[in-house]
Amino acid sequence: MVTIPTIPLRDGSAFPQLGLGTYNLRGGDGIASIVSAIESGYRLLDSAVNYQNEVEVGEAARRSGVDRDELLVTTKVPGRDHGYDETLASAAGSLERLGLDRIDLYLIHWPNPSVDRYVDTWRAMLQLRDRGQVRWAGVSNFTEAMLTRLGEETGELPLVNQVELHPYFPQAGLRAFHEAHGIRTESWSPLARRTELLAEPVLAGIAAAHGVTPTQVVLRWHTQLGSTPIPKSANPARQVENADVFGFSLTDAEIAAISGLERGRLWGGDPDTHEEL
Ligand code: NAP
């Protein structure tokens, strides 16, 4: 079993430095994969209404036998549920499917700016937090301008912003804004969905120097940048490999070399234009 260290959020509570992505983990096999991750030491689980696996994530949490208060379950409000009352109803549906009485990390999945309802959605998230149905309110795929607007119109910034982040898209500007405002960055698709990234020669060289795998180098890069990556793996051995990244440290030069792989977003998910329901 791997121990994944935590880091304090702006509110002082402990947040894992690495979690499990669950996109495409569904059905009985999905439950088994999520249980194996929890048994390996994962505590932060990343689900969403749109992954259609909240039932599986809740079931895996119960089957794992790990104390409920140790597990940190994330889910997300989909675009079709934006709006104050709609978000309250959406959360009730998620809680029912998860079979839990609290969502640990609740995120607005996409801002969908043309709909212009993410501020009302955010107000509902804060209400859910004040009621105790949500522990941490956060967002996903928000830009600096959108975060600033939330702060200006509601007086409260999200604790977390989950964004596309990997060596091809290191997001230095957004990460600096997060750091200045006490917003924890989470990296989605931290392995760039295993595109050619893991075969990059620069990663092979750094991996050999530390006696680890290129995947571990990438995930350690995320944690040293100050982000929480949420790699998805269905495979128990790869889950352990992905979590076991806290026994070595990259040098500043190695971090810079990895960030030098930058080429931009990989899937066109620009939050100013890309919208999901
Ligand atoms: P990812 O975690 O970057 O990559 C997952 C892929 O890499 C899978 O094909 C997996 O295959 C493979 N893989 C995992 N560990 C590996 C290893 N050690 N060696 C070789 N291959 C490995 O991509 P992702 O699933 O897109 O992103 C992670 C999570 O982020 C998602 O599951 C989801 O929870 C979240 N997400 C959020 C958003 C958002 O808009 N907020 C968008 C996309 C994703 P195996 O399963 O076979 O190991």
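The paragraphs below lead through one part of this structure, from its strands to its nonpolar core and then to its charged pairs.

The model is a predicted one, in which local features need pLDDT of at least 70 and side-chain atom pairs count only at pLDDT 80 or more, while totals for chains, interfaces and linings use all residues. Residues are numbered from 1 along each chain as its sequence is written, and side-chain values use heavy atoms, with hydrogens and water left out.

A good place to begin is strand S6, which spans residues 103-108; strands here are DSSP runs of E with at least two residues, helices are runs of H or I with at least four, and both are numbered from the N terminus. Six of the six residues in S6 are buried, where buried means under 20% relative accessible area, exposed means over 50%, and partly exposed lies in between, as found with a 1.4 Å probe on protein chains only.

Strand S6 has a parallel partner in S5 (residues 72-77), to which four bridges join it; two strands are said to pair if DSSP finds at least two bridges between them. Within this pairing, Thr-74 has Leu-105 of S6 as its bridge partner. Strand S5, helix H3 (residues 84-98) and S6 together make a right-handed β-α-β unit, and right-handed here describes a path from the first strand over the helix to the second that runs clockwise when the strands point away from the viewer.

Strand S6 also runs parallel to S7 (residues 134-140), and five bridges join these two. Here Tyr-106 stands opposite Ala-137 of S7. To get from S6 to S7 the chain passes through helix H4 (residues 118-131), and this β-α-β crossover is right-handed as well.

Tyr-106 leads on to the packing of side chains, since Tyr-106 is among the residues with the most contacts inside the largest nonpolar core, which has 67 residues. Such a core is a set of buried Ala, Val, Leu, Ile, Met, Phe, Trp, Tyr and Cys residues joined through side-chain atoms within 4.5 Å. Helix H4 gives the largest share of this core, namely seven residues. Phe-142 is another of the residues with the most contacts in the core, and, leaving aside residues up to four places away in sequence, Phe-142 touches several others, including Ile-108, Trp-110, Tyr-118 and Leu-174, where contact means heavy atoms within 4.5 Å. A second, separate core of twelve residues includes Phe-15, Leu-72, Val-160 and Ile-230.

Charged residues come next. Side chains of opposite charge can pair when their charged atoms come close. A salt bridge is counted when a side-chain nitrogen of Lys or Arg is within 4 Å of a carboxyl oxygen of Asp or Glu, and by this rule there are 16 salt bridges.

In one of them, Asp-116 pairs with Arg-149, with the closest N and O atoms 2.9 Å apart. This pair links the loop between S6 and H4, where Asp-116 lies, to helix H5 (residues 144-154), where Arg-149 lies, 33 residues apart. Asp-116 is partly exposed at 43% relative accessible area, and Arg-149 is partly exposed at 25%.

The salt bridge between Asp-120 and Arg-123, with closest N and O atoms 3.9 Å apart, instead lies within helix H4, where the two are three residues apart, or about one turn of the helix.

Arg-263 and Glu-200 form a further salt bridge, at 3.8 Å between the closest N and O atoms. Arg-263 lies in the segment after helix H10 (252-259) and Glu-200 in the loop between strand S9 (184-188) and helix H7 (201-210), so this pair ties together parts 63 residues apart in sequence. Glu-200 is buried, with a relative accessible area of 16%.

Finally, Arg-68, Asp-69, Arg-102 and Asp-104 are linked in a network of salt bridges.
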